[in-house]
Amino acid sequence: MKRILIVLLTIIIFMPVGYSQLSLNHYLPPLVTGEFNSDDGARPGENEICISTPSLTSVNVTITFPGNASLDATPTISNSSPVCITLPNGFASPLLTRASESTADLDVLGNPIANLGAVISASEPVYVKYRVRSANSNQADIYTSKGTAATGTEFRTAHLLSPSTYPDRLSFVSVMALNNDTDVTINDGGMPAGVDVLGHPVNQTSITTNLNQYETKIFAVRPDNGVNSVAFIGSLVSSNKDIVVVVGSMNGNMAQPDPNVGGARDYGLDQIVPTSLVGTDYFLFKGNGTAADTLYERPIIVATSDNTDVFINGSATPFATLNTGDYTTVSDYNSDGLMYVSSSNPVYVYQPILGSNSSVATNGMFFVPPISCSAPNSVDNIPDVNGLGTATGFTGCLNILTRDLAMVTVNGVDIDLNTNVGSATVFGPYTIPYLINGNAYKGFRVDGLSGDVSVNSDYDLYCGLFGYSGFAGYGGYFSGFNTP
């Protein structure tokens, strides 16, 4: 009997939780946008926190804003009643701050920030996403909270390249501490000589900050030269206690043709996970960019170890060999708009994506989950996929990856057997000619979704949302990054 109990306990201890982004606790560090000229139409406007759950019964949620207690909220949600909490517009929001020429703004970036960010806890696991769009409605993005999977002590960062001198561009790394007396350091390969981190002396290639619980440190640069445009790509963020990290670019892109023109700018950001949760196998779905837009949709691959060989689409010849903190970009999508990335050591994969085929200004960016048999088999649900604040005209699209033997449903419709989900169109299944640990996979894309969306599979499921409205594009994954 003792032997049976030991075996059962061992199985329980090492079973995957299966939640990943579905979590009891979520931590949302704030974002920063640049405001270095009079053209402030790209400044942030409407923003909100959306919370959903697969639970059919009521779930009690507590949202706490450190330093902004008047905004604290305690909504009750269920699977049929997700909620989006509207936050004050623009820089009045507890999840937004600004960078400008003012000494006060630079001081904020040079020091710990005690009064921004959000902490969310729930009585049952919930999904959380933060959504923001600009005051002129031409920029937008979401970042999906990774829940407790986001917590750790070592991360590799990235952002859009943003090769432009246009004055409202900004790339950043936002770090929130979960405990008092947390030392956070950013340094290594992504911080080259000459980098100008706002609020710090020029050429300071390693920065250490001490944070207390729920304080945030934001590292930010204006990508106005060759050094700053790659400032944090491959940077190591490390700490002595658990932190959470959001990375990205505000008003950036991957390949602005004219460096002095402001067009083709958008928000691109996401919450990331520690190095212990990234992997060696990834499938990527191309966005809506045309063949002429290749540079805008180049994934960024960051190595976590020396001598890391990166392979594309099953090739036996390395596309690149990277050392720790090095990165490469690649755009070899096949005719179905799919790309298989594999590596000899774990890597981070950041995916820039275009929401629209008519504008390269719809650049977004999201953090891609590795293929893992422990991924959950459902996402139930993603609320309001075609809306953001008072705007409801977004085109919502899903990318879905799962085992080739799986039955996949979207809002209860079997998409192997149906070419439509309501008014949305199903593309696929796409056969993926590469095996992962002996398993075959297939992919789908569903375009034109609206309202709340649930996705279910018989096997591990990787589900990404992206979309656009006019010049504004957004994207993010809602499954993956599981923890044991």
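The legends below describe close-up views of a predicted model.

**Figure 1. The largest nonpolar core of the predicted model has 69 residues.**
Val-173, Phe-232, Val-237, Val-245, Phe-283 and Tyr-350 are the residues that touch the most other members of this core. Strand β22, residues 338–354, supplies the largest share of the core, with nine residues. A second core, separate from this one, has 39 residues, among them Val-32, Ile-49, Phe-65 and Ala-122. As background, nonpolar side chains tend to be buried together in soluble globular proteins.

**Figure 2. Surroundings of Phe-283.**
Neighbours within four places in sequence are left out of this view's contact list. The remaining contacts of Phe-283 include four tyrosines: Tyr-340, Tyr-434, Tyr-441 and Tyr-477. Phe-283 is also in contact with Met-339, Val-368, Ile-371, Leu-401, Ile-432 and Ile-436. Phe-283, Tyr-340, Tyr-434 and Tyr-441 form one aromatic cluster. Phe-283 is also among the residues of the largest nonpolar core that touch the most other members.

**Figure 3. The aromatic pair of Tyr-350 and Phe-367 is tilted.**
The structure holds ten aromatic pairs. In the pair formed by Tyr-350 and Phe-367, the distance is 5.1 Å centre to centre, and the angle between the planes is 35 degrees. Tyr-350 belongs to strand β22 and Phe-367 to strand β23 (residues 363–367), so the pair links parts of the chain that are distant, 17 residues apart. Both Tyr-350 and Phe-367 are buried.

**Figure 4. The disulfide between Cys-50 and Cys-84.**
The structure holds one disulfide. It joins Cys-50 to Cys-84, with an S to S distance of 2.1 Å. The link of Cys-50 and Cys-84 is right-handed, with 105 degrees about the S-S bond. Cys-50 lies in strand β3 (residues 44–52) and Cys-84 lies in strand β6 (residues 83–87), so the disulfide ties together parts that are 34 residues apart in sequence. Cys-50 is buried, at a relative accessible area of 1%, whereas Cys-84 is partly exposed, at 29% relative accessibility.

**Figure 5. Cys-397 and Cys-463 are in no disulfide.**
The cysteine sulfur nearest to Cys-397 is that of Cys-463, 12 Å away. For Cys-463, in turn, the nearest cysteine sulfur is that of Cys-397. Cys-397 is buried, with a relative accessible area of 1%. Cys-463 is buried too, at 0% relative accessibility.

**Figure 6. Ser-457 and its contacts.**
Ser-457 is found in strand β31, which spans residues 453–457. The residue is buried, with a relative accessible area of 7%. The side chains of Ser-457 and Thr-402 are joined by a polar contact of 2.7 Å. A polar atom of the Ser-457 side chain also lies 3.0 Å from the backbone nitrogen of Tyr-459. With neighbours within four places in sequence left aside, Ser-457 is in contact with Asn-377, Thr-402, Ala-406, Met-407 and Val-408.

**Figure 7. An open sheet of four strands, with antiparallel pairing.**
The strand order is β24-β31-β26-β27. Strands β24 (378–382) and β27 (413–414) are the edges, and each pairs on one side only. Strands β24 and β31 run antiparallel and are joined by four bridges. Across this pairing, Val-379 stands opposite Val-455 in β31, and the bridge partner of Ser-378 in β31 is Asn-456. Four of the five residues of β24 are buried, so this strand is largely enclosed by the rest of the structure. Strand β31 is also the strand that holds Ser-457.

**Figure 8. An open sheet of six strands, with antiparallel pairing.**
The strands follow the order β28-β29-β30-β25-β32-β33. The edges are β28 (420–421) and β33 (472–477), each of which pairs on one side only. Strand β28 pairs with strand β29 (residues 424–436) in the antiparallel sense, over two bridges. In this pairing, Asn-420 stands opposite Thr-425 in β29. As background, strands of a sheet pair through backbone hydrogen bonds, either parallel or antiparallel.

Technical notes. Residues are numbered from 1 along each chain as its sequence is written. This is a predicted model: local features need pLDDT of at least 70, side-chain atom pairs count only at pLDDT 80 or more; totals for chains, interfaces and linings use all residues. Side-chain values use heavy atoms; hydrogens and water are left out. A nonpolar core is a set of buried Ala, Val, Leu, Ile, Met, Phe, Trp, Tyr and Cys residues joined through side-chain atoms within 4.5 Å. Buried means under 20% relative accessible area, exposed over 50%, partly exposed in between (1.4 Å probe, protein chains only). Contact means heavy atoms within 4.5 Å. A disulfide is a pair of cysteine sulfur atoms within 2.5 Å. A polar contact is a pair of N or O atoms within 3.5 Å; within protein, one must be able to donate a hydrogen and the other to accept it, and residues adjacent in sequence count only if both atoms are side-chain atoms. Rings of Phe, Tyr and Trp (its six-membered ring) pair if their centres lie within 6.5 Å; planes under 30 degrees apart count as stacked, over 60 as edge-to-face and the rest as tilted. Two strands pair if DSSP finds at least two bridges between them.
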